[in-house]
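Visitor: I would like to learn how to read the features of a model like this one. Could you walk me through it step by step?

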Amino acid sequence: FLMVPLVYEWARGGMWRGSYGWWGGLGCLALAPSGLLWYAAYLWVRFGNPLLFYTEQQRWGRDLTDPLSTLRNAVVQGGEDLRGIFDSRLWAAPSLGRIVDRAGAATDAYNLMFLLFALALLLLGLRVLPLSLSVYAILLVLPPTFFGTPQGPLMGLPRYVLVAFPIFIVLGTLLEDRRLLGGWLVLSGAASLVLCALFVSWRFVA
């Protein structure tokens with residue numbers, strides 16, 4: 001994925017082509033995937049499988065699926081999680097333990113909200129970012145939708161969103177507005193407290 005924006009910028013006569021020439025630029029580009037290639041070589045020598053980092057995902061039930069099915073399952077299961085949180089029976093006789101249990105079980109809803117939030121920022125980023133950075137961010141966010149599981153269609157998505165750094169450039173641009181910044185701090189602070197409470201009470205947060 002890193003090669004996509006780098007090749008695009010290089011082909012446009014960008015950062016390396018002018019400084020190092022044609023072959024120097026190709027040499028610089030070859031460095032980008034070198035870490036992955038060395039790691040694959042290590043896995044091949046040590047375990048006999050250079051793609052072990054991919055094939056081991058099957059232990060979690062991950063398998064190649066079409067993204068539409070993953071998104072449909074995410075919407076259905078995330079909706080069920082949200083209905084559970086706002087269930088009138090839960091709040092008719094509120095119990096802190098039951099509320100925390102319900103919130104901790106709403107992983108699909110969290111993941112779905114992360115995806116929608118990331119997609120919204122990616123769309124806004126088309127007006128803010130260079131095309132190469134927008135494409136790179138899209139490549140980092142969307143592939144997890146090809147490897148969903150029946151139990152968690154978007155399992156682990158927040159981790160993949162966090163490494164898509166162009167999204168945070170867009171977010172920083174938006175938060176130059178003080179009113180948006182204040183709302184963001186309140187919302188993110190509240191979410192941090194909830195997730196911290198879930199984590200320290202031995203509930204799964206990821």
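Guide: Gladly. Let us begin with a salt bridge: the side chains of Arg-59 and Glu-56 meet in one, with 2.5 Å from N to O. Keep in mind throughout that this is a predicted model.

Visitor: Which of these classes fits Arg-59: buried, partly exposed or exposed?

Guide: The general idea is to look at relative accessible area, where over 50% means exposed and under 20% means buried. Arg-59 has 69%, so the residue is exposed. Its partner Glu-56 has 32% and is therefore partly exposed.

Visitor: How many salt bridges does the count come to?

Guide: The count comes to three. Another one joins Glu-9 and Arg-12, whose closest N and O atoms are 3.1 Å apart. Here the partners fall into separate classes: Glu-9 is buried, at 14%, whereas Arg-12 is exposed, at 56%.

Visitor: And what is the N to O distance between Arg-179 and Asp-177?

Guide: That salt bridge has 3.5 Å between N and O, which fits the rule that the atoms lie within 4 Å. Arg-179 is exposed, with a relative accessible area of 72%. Asp-177 has 28% and so counts as partly exposed.

Visitor: Let us turn to pockets. What is the volume of the largest pocket?

Guide: The volume is about 1,200 Å³. A good next step is to ask what lines it. The lining of this pocket has 36 residues, and those nearest its centre are Tyr-110, Met-113, Phe-114, Ala-191 and Leu-195.

Visitor: Which helices each supply at least two residues of that lining?

Guide: They are H5 (67–85), H6 (88–92), H7 (96–104), H8 (107–128), H10 (157–162), H11 (165–174) and H12 (178–200). H12 gives the most, with 10 residues.

Visitor: How do the lining residues divide into nonpolar, polar and charged?

Guide: In the largest pocket, 31 are nonpolar, four are polar and one is charged. You can read the second largest pocket in a similar way. Its volume is about 780 Å³, and 14 residues line it, with Phe-1, Phe-53, Tyr-54, Pro-143 and Tyr-160 the closest to its centre.

Visitor: Which helices each supply at least two residues to the second largest pocket?

Guide: Those are H4 (52–55) and H9 (131–141). The lining of this pocket divides into 12 nonpolar residues, one polar and one charged.

Visitor: Now the surface. Which residues form the nonpolar patch there?

Guide: For a patch, one looks for nonpolar side chains that have enough accessible area and lie together; the cut-off is over 30% relative accessible area. Here the patch is made up of Leu-36, Tyr-39, Tyr-42, Phe-47, Leu-51, Phe-53, Tyr-54, Leu-64 and Phe-146, and together they have about 920 Å² of accessible area. Helix H3 (34–47) and H4 each give two or more residues to the patch, and H3 has the largest share, with four.

Visitor: Where does Phe-146 sit?

Guide: Phe-146 belongs to the loop between H9 and H10. Its relative accessibility is 34%, so Phe-146 counts as partly exposed. Phe-53 and Tyr-54 deserve a second look too: they belong to the patch, and they are also among the residues closest to the centre of the second largest pocket.

Visitor: How far apart in sequence and in space are Ala-197 and Val-100?

Guide: With pairs like this, set the sequence separation beside the C-alpha distance. Ala-197 and Val-100 are 97 residues apart in sequence and 8.4 Å apart in space. Ala-197 is in helix H12 and is partly exposed, at 38%.

Visitor: What do the two values look like for Arg-89 and Leu-171?

Guide: They are 82 residues apart in sequence, with 37 Å between their C-alpha atoms. Arg-89 lies in helix H6 and is exposed, with a relative accessible area of 64%.

Visitor: One last residue: is Leu-154 buried or exposed?

Guide: Leu-154 has a relative accessibility of 3%, so it counts as buried. This residue is found in the loop between H9 and H10. From Leu-154 to Cys-28 there are 126 residues in sequence and 35 Å in space, C-alpha to C-alpha.

How values were computed: Residues are numbered from 1 along each chain as its sequence is written. This is a predicted model: local features need pLDDT of at least 70, side-chain atom pairs count only at pLDDT 80 or more; totals for chains, interfaces and linings use all residues. Side-chain values use heavy atoms; hydrogens and water are left out. On a 1 Å grid over the protein atoms alone, a cavity is a set of points where a 1.4 Å probe fits but cannot get out, and a pocket is an open set with protein on both sides within 12 Å along at least five of seven lines; lining residues have an atom within 4 Å of a point. Grid points are joined across faces, edges and corners, and a volume is the space filled by probe spheres set on the points. Ala, Val, Leu, Ile, Met, Phe, Trp, Tyr, Cys and Pro count as nonpolar, Asp, Glu, Lys and Arg as charged, and the others, Gly among them, as polar. Patches are made of residues with over 30% relative accessible area and no salt bridge: like charges are joined within 9 Å, nonpolar side chains (Val, Leu, Ile, Met, Phe, Trp, Tyr) within 5 Å. Accessible areas come from the Shrake-Rupley method with a 1.4 Å probe; for residues, only the protein chains shown count as cover. Buried means under 20% relative accessible area, exposed over 50%, partly exposed in between (1.4 Å probe, protein chains only).
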